[in-house]
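Hi everyone, thanks for coming. I'd like to walk you through a structure, so let me put it on the screen.

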Amino acid sequence: MEDLGLWVIPLAILGGAIRVSTPFLFVSLGEVLTERSGRINLGLEGTLVFGAMSAYAIAYLTGSPWLGVLAAAAGGALFGLIHGLICSLPRVNDIAVGIAMMILGMGLAFYFGKPYVQPVAPDLPSIGFGWWSDIPQVEAALRVNVLFLIGAVLAFAMWWMFRATKVGLIIRVVGDSTDAARAMGLRPTLIRTLATAAGGAFAGVGGAYLSLFYPGSWNEGISSGQGLMAVALVIFARWNPVACFGAALLFGGAGALGPTLQSVGVSEGYYLFFAAPYVLTLGVLIATSSPTRAMTGAPGELSITK
Amino acid sequence: MTDQTVSTQLDTPSPNGFLGMLARRSEAVILPLAALLVGFAVFSIFLLLQGKSPTEFFALTYRAGFGTAFSWQNTLSRTAPLLFAALCVALPARLGLVVIGGEGAIVLGGVAAGAMGALLAHSSGLIAVPMMVASAMIVGGLWIGSVGALRYYRGVNETIASLLMAYIAIAVMNHLVEGPLRDPASLNKPSTAPLADNLRVGDIPGWEVHWGLAFGVLCCVLAWGLIDKTTWGFAARIAGGNMRAAQVQGLPVGRLIVGFTALGGALAGLAGYFEVTAVHGAANASLATGYGYTGILIAFLARHNPLAIIPVAILLAGFEASSGLIQRRMDLPNATTLVLQGFVFISILMSDTLYGRFKVFAPECWRSA
């Protein structure tokens with residue numbers, strides 16, 4: 001085997017970006033859908049963790065990882081639905097409800113997930129795109145999980161939906177102006193609640209990826225803020241699903257930095273490299289926010305940008 | 001951002017006499033209490049579905065949290081950091097900001113106190129103790145104050161920024177206590193050097209609860225005075241009600257936001273100081289135990305009223321103090337407390353929709369005939 005030298009690092013970061021980005025991608029796509037309808041769901045971190053637990057438990061009990069993904073999506077949709085219904089009440093603060101749903105989601109996930117910390121559930125399949133190379137690192141980096149591919153297709157499909165379909169237009173109208181939507185005979189509350197439920201289902205699938213592929217096990221530390229970072233990433237991506245795909249890859253690469261440097265023997269400042277995704281998210285938020293002008297692309301009814 | 005949970009009603013003399021005022025005030029007491037009971041009820045149904053007894057749960061909570069002198073000591077010791085953590089949420093909330101990253105200020109305040117204590121190990125306590133307090137408060141204040149500054153000067157959402165910074169704070173703490181600040185003698189649990197005895201904080205005489213509780217209660221009373229009795233608090237409440245109107249009126253909104261967030265962060269830093277000096281004896285990963293997150297729930301339950309924070313913090317500290325016994329006796333996972341907190345939190349937020357809906361609470365209803 002030839003010695004790759006320092007080429008190992010960018011290669012591992014590329015592979016890591018593909019591996020780590022999938023949960024970011026699904027959660028941010030779900031959040032784009034929810035926020036485009038004019039509502040924010042900060043609780044997707046809890047949905048992500050609950051999705052990870054339910055996917056792992058169902059995959060273990062049934063032996064089928066895809067049933068696990070389905071269960072995670074159903075659980076996520078339920079969380080989204082509850083969030084959507086509560087936020088439909090007048091004068092209820094949707095940001096605070098998101099925090100509460102985050103606490104409840106994590107609490108329920110840890111509560112029901114305790115018996116599943118030990119057992120081993122089947123993994124989701126992945127496809128090797130590195131067959132042309134003899135270098136094991138290249139092959140490892142290009143082993144792409146099916147969910148990543150589904151997420152990539154979904155990003156483009158959602159972009160097309162917002163651009164060219166009636167459903168996309170309805171969601172955008174509801175998100176931009178409740179009054180205009182009412183004038184058109186739409187039911188803003190119902191549409192928002194449905195969009196929030198669908199967004200929750202996406203976040204649940206992101207969680208399924210965490211427990212069923214990478215890192216591929218269930219424990220209480222499975223997510224450390226990925227769900228929250230994905231929400232911040234939506235602002236960075238300007239509510240554009242395709243931009244979310246790029247941003248998710250970028251964040252995945254940042255998330256892979258710590259483990260990669262550790263694997264090549266860099267131990268100095270190890271913990272600080274693990275903070276890289278959070279620092280990147282914060283930096284991106286600072287760079288892309290503005291105190292004076294409304295953010296381009298932001299849905300008009302979104303409480304976070306008002 | 002509009003925040004409907006912050007009351008901006010000013011205490012104007014009620015034209016409807018004492019009963020009317022009492023009716024209006026009692027709405028802010030009765031609705032949260034009812035929401036708390038609804039949260040408990042939903043949690044009880046959850047336990048029943050699991051085949052567990054809610055009666056046993058609440059009886060054990062009472063016994064282990066409030067039943068004996070010993071359990072009161074346990075509960076009150078846990079109350080201290082919760083008071084500070086809740087103030088870190090309640091003070092910015094007066095300006096309509098939802099800051100949820102108090103955990104970061106607690107952790108870094110504790111590390112600052114531990115590092116300062118190790119640095120000044122050989123100097124007199126008269127110098128070292130004020131330096132430790134100051135460093136914890138300054139670090140915490142800068143940490144959360146910068147969240148406020150980012151919000152005002154850059155328009156960065158404070159909820160997301162503060163939580164991201166809490167994750168960063170924990171990474172920084174791990175880096176410091178496992179690297180530059182590590183005491184070589186701490187093998188199993190990397191920590192800063194243990195504090196000298198004269199730098200540690202003892203118990204309130206006759207209480208067997210450390211001084212953090214007394215200072216926490218004092219800070220709650222002072223914070224109440226700041227918000228309710230000073231022009232600064234008045235200006236903050238105006239700005240919390242309508243940021244733009246406050247700006248038009250010429251109120252220093254930027255300074256208010258940075259000041260209130262920094263003050264909240266400084267108090268959270270003080271929680272870290274007391275955790276290190278009164279409980280752990282050195283700064284280590286035990287600082288990140290989630291007090292900051294429980295503080296969020298306490299502040300919302302207390303409707304961001306600093307005086308109401310005191311009883312609510314004691315109640316939730318009691319639940320945390322009893323969770324160990326409940327886990328053992330009822331064979332429940334330790335996440336049970338988190339589930340309970342989630343139900344109560346959602347219930348209290350839903351109750352926001354009920355304010356002004358009941359005629360009993362309207363002063364007009366009590367107009368003396």
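I'll start with confidence, then talk about chain A, chain B and the place where they touch.

So, first thing: this is a predicted model. The predictor gives the complex an ipTM of 0.92 and a pTM of 0.92. For chain B, the mean pLDDT is 91, with 95% of residues at 70 or more. The stretch to watch is residues 1-8 of chain B, where the pLDDT drops below 50. In the model that stretch still has 25 contacts beyond near neighbours in sequence. Where pLDDT is low, though, the predicted coordinates should not be read in detail.

Okay, chain A. We've got 13 helices and two strands here. How does its radius of gyration fit with a compact globule? For 306 residues you'd expect something near 19 Å, and chain A has 19 Å, so that agrees. The C-alpha trace spans about 70 × 45 × 35 Å along its principal axes. As for burial, 56% of the 306 residues count as buried. And if you take contacts in chain A between residues at least 6 apart in sequence, 78% of them join residues at least 24 apart.

One residue to point out is Arg91(A). You'll find Arg91(A) in the loop between helix H3 (65-88) and helix H4 (94-113) of chain A. Is Arg91(A) buried or exposed? It counts as exposed, because there are 12 other C-beta atoms within 10 Å, and the cut-off for exposed is 12 or fewer. Gly51(A) is 40 residues away from Arg91(A) in sequence, and the two C-alpha atoms are 29 Å apart.

Over to chain B, and a couple of its helices. H4(B), residues 102-119, has 18 residues that should span 26 Å at 1.5 Å a residue, and its end C-alpha atoms are indeed 26 Å apart. Of those 18 residues, 17 are buried, so H4(B) is largely enclosed by the rest of the structure. Then there's H5(B), with 30 residues, reaching 41 Å from first C-alpha to last, close to the 44 Å expected. Right after H5(B) comes Gly155(B), with a positive phi near 70°.

Last bit: the interface. Here 42 residues of chain B are in contact with 42 residues of chain A. On the chain B side, H5 (125-154), H6 (158-178), H11 (291-301) and H13 (336-350) each supply at least two residues. H6(B) gives the most, with 12 residues. By class, that side of chain B has 26 nonpolar, 12 polar and four charged residues.

That's my tour, happy to take questions.

Definitions and conventions. Residues numbered from 1 in each chain as written. Chains lettered and ligands numbered in written order. Predicted model: local features only at pLDDT ≥ 70, side-chain atom pairs only at ≥ 80, totals over all residues. Contact = placed C-beta atoms within 7 Å. Helix = DSSP H or I, 4+ residues; strand = E, 2+ residues; numbered from the N terminus. Nonpolar A, V, L, I, M, F, W, Y, C, P; charged D, E, K, R; others polar. pLDDT = per-residue confidence, 0-100. Buried ≥ 20, exposed ≤ 12 C-beta atoms within 10 Å, placed from the backbone. Expected span 1.5 Å × (residues − 1). Rg over C-alpha atoms; globule rule 2.2 N^0.38 Å.
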